[in-house]
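Me: I'm new to this one, so could you walk me through it? Let's start with the empty spaces inside and then go on to the rings.

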Amino acid sequence: MAAMLMVLAGVANASEVAGEVDGAAMSVAWGIPFVGMLLSIALMPLAAPHFWHQHFGKVTAAWALAFMLPFAVVYGMGAAAVNLLHALVAEYLPFVILLTALYTVAGGIYVRGNLRGSPGLNTAILGIGAVLASFMGTTGASMLLIRPLLRANDNRRHQAHVVVFFIFIVSNAGGALTPLGDPPLFLGFLKGVDFFWTVRHVWGPMLFLTLALLVIFFVIDSRLMGEKGETDLPDPTPSVDVTGAQSRLGFDGRVNFALLAVVVALVLISGIWRTPAGFEVAGVHVGLPGLVRDVGLIIVALLSLKLTAKRVHQANDFGWGPMQEVAKLFAGIFLTIIPVIAMLKAGVDGPFGAVVRAVTNADGTPNPAMYFWATGLLSSFLDNAPTYLVFFNTAGGDPAHLMTDMALTLTAISAGAVFMGANTYIGNAPNLMVKAIAEDRGVKMPGFFGYMVWSVGILVPLLVVITFIWFTP
């Protein structure tokens, strides 16, 4: 990776200006590799599961090349190198480093005790996860709680619904209260939105959505629990803990709680610490705060691996498979999404100008309901962080104005990006990671469209209610 970045930097430095691509002049055909990437994730696990499991990395690389090679021919090697370097250095590497640190640290915490997955206990775990998500991130909360939740329900015939609601609540909706909760809100924080602004303005929709989902889950889980033979499977959870003693509720690998606090501190400091110090790589500014954060996160991950007892990882079924899958798939997404974001940033003059015009009323004022759904629907299929930025800038991009006179519009953008990331597996990184962990533990998860049946049937009606209550004058 280091050698590749050096080569790219050499090419890109020779032609930094060539990296500027006019999204307004691009054809929608440039989005074909991105659509192909999404369709591969959606369809190939169903049509060719064995091939996909063995070769999804190669498929991802093929779609990335299907974009990069024609792009280099049409716009030149300089433009290709600049855009590729920007996607890797400014977006993908920080994203993967943070996910890897949270995955490693959370994977080193073992919640011992043979919990029984009753509707009450499952609902309580989901509720706790929703609270934790806004303070340790949706990824951190998901990685901490998904394994004990799966173990608690490993003797049941029906388990997939538990994971689906976990994605709805813990991996998405729960992260709506602070910039630490979800990447879109953190980007807003870096742009100048006050840290506690989100808590003050998004708590109402977030509380309604979370409580409604918890109630619906409790009803569904109670009904399934009452079915004959639901818990007749043998319980594979051992009755002793990793030390061989009788299992009692508690935690092993507790040093990782301290490391988790360090992760949160590093992310927070990188947003508060303002300094122009850093260096330029082909027009990509690598700031000192971000560099310190990423190096610190790597050190935290290595410390977790060093300090966590091997038996804790074994008890937690810790492995790199889910993280590798997410890293490879999102590498393809971050690369093929480059022209899509460029076309969106072109605003009303771009190929997606109809989307931008749709969020504005006839008198020129913003339409909060349309901002909510436009941001949300695009966040369901695109990465929700850059989508948030697109509509943040569409609404003016001035944080002081957005937090005051246009507070309802910024609330709609924030809620749409976070809530509707749950509409698909690819809307938010923890979704795919939780799915991979569940499947790794033998849970038969619904496919891409099967999952959307759940989200469209349960989540979307609640989002419609939120629209009428909070975002419709």
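**Cavities and ring pairs**

Reply: A search of the whole structure, which is a predicted model, finds two cavities of 30 Å³ or more.

Me: What volume does the largest cavity have, and which residues line it?

Reply: The volume of the largest cavity is about 50 Å³, and its lining is made up of Tyr103, Arg147, Asn316, Asp317, Gly319, Pro322, Ile437, Asp440 and Arg441. Four residues of that lining are charged, three are nonpolar and two are polar.

Me: Switching to rings, how many aromatic pairs are there?

Reply: The count comes to 24 aromatic pairs. In one of them, Phe67 and Phe71, the ring centres are 5.1 Å apart and the planes stand at 45°, so the pair is tilted. Phe67 and Phe71 both belong to helix 3 (residues 49-75), where they sit four residues apart, about one turn of the helix, and both are buried.

Me: And what about Tyr103 and Trp320?

Reply: Their ring centres are 6.0 Å apart with the planes at 45°, so Tyr103 and Trp320 also form a tilted pair. Because Tyr103 lies in helix 4 (residues 77-107) and Trp320 in the loop between helix 11 (310-315) and helix 12 (321-336), the pair ties together parts that are 217 residues apart in sequence.

Me: Is Tyr103 buried or exposed, and where does Trp320 stand?

Reply: Tyr103 counts as buried because its relative accessibility is 1%, whereas Trp320, at 34% relative accessibility, counts as partly exposed.

Me: Which residues do ring pairs link into a cluster?

Reply: The cluster consists of Phe165, Phe168, Phe217, Tyr425, Tyr451 and Trp454. Over the face of Tyr425 lies Lys435, at 5.2 Å from the ring centre.

Technical notes:
Residues are numbered from 1 along each chain as its sequence is written. This is a predicted model: local features need pLDDT of at least 70, side-chain atom pairs count only at pLDDT 80 or more; totals for chains, interfaces and linings use all residues. Side-chain values use heavy atoms; hydrogens and water are left out. On a 1 Å grid over the protein atoms alone, a cavity is a set of points where a 1.4 Å probe fits but cannot get out, and a pocket is an open set with protein on both sides within 12 Å along at least five of seven lines; lining residues have an atom within 4 Å of a point. Grid points are joined across faces, edges and corners, and a volume is the space filled by probe spheres set on the points. Ala, Val, Leu, Ile, Met, Phe, Trp, Tyr, Cys and Pro count as nonpolar, Asp, Glu, Lys and Arg as charged, and the others, Gly among them, as polar. Rings of Phe, Tyr and Trp (its six-membered ring) pair if their centres lie within 6.5 Å; planes under 30 degrees apart count as stacked, over 60 as edge-to-face and the rest as tilted. Helices (H or I, at least four residues) and strands (E, at least two) are DSSP runs, numbered from the N terminus. Buried means under 20% relative accessible area, exposed over 50%, partly exposed in between (1.4 Å probe, protein chains only). A charge sits over a ring if NZ of Lys or CZ of Arg is within 6 Å of the ring centre and within 35 degrees of the ring normal.
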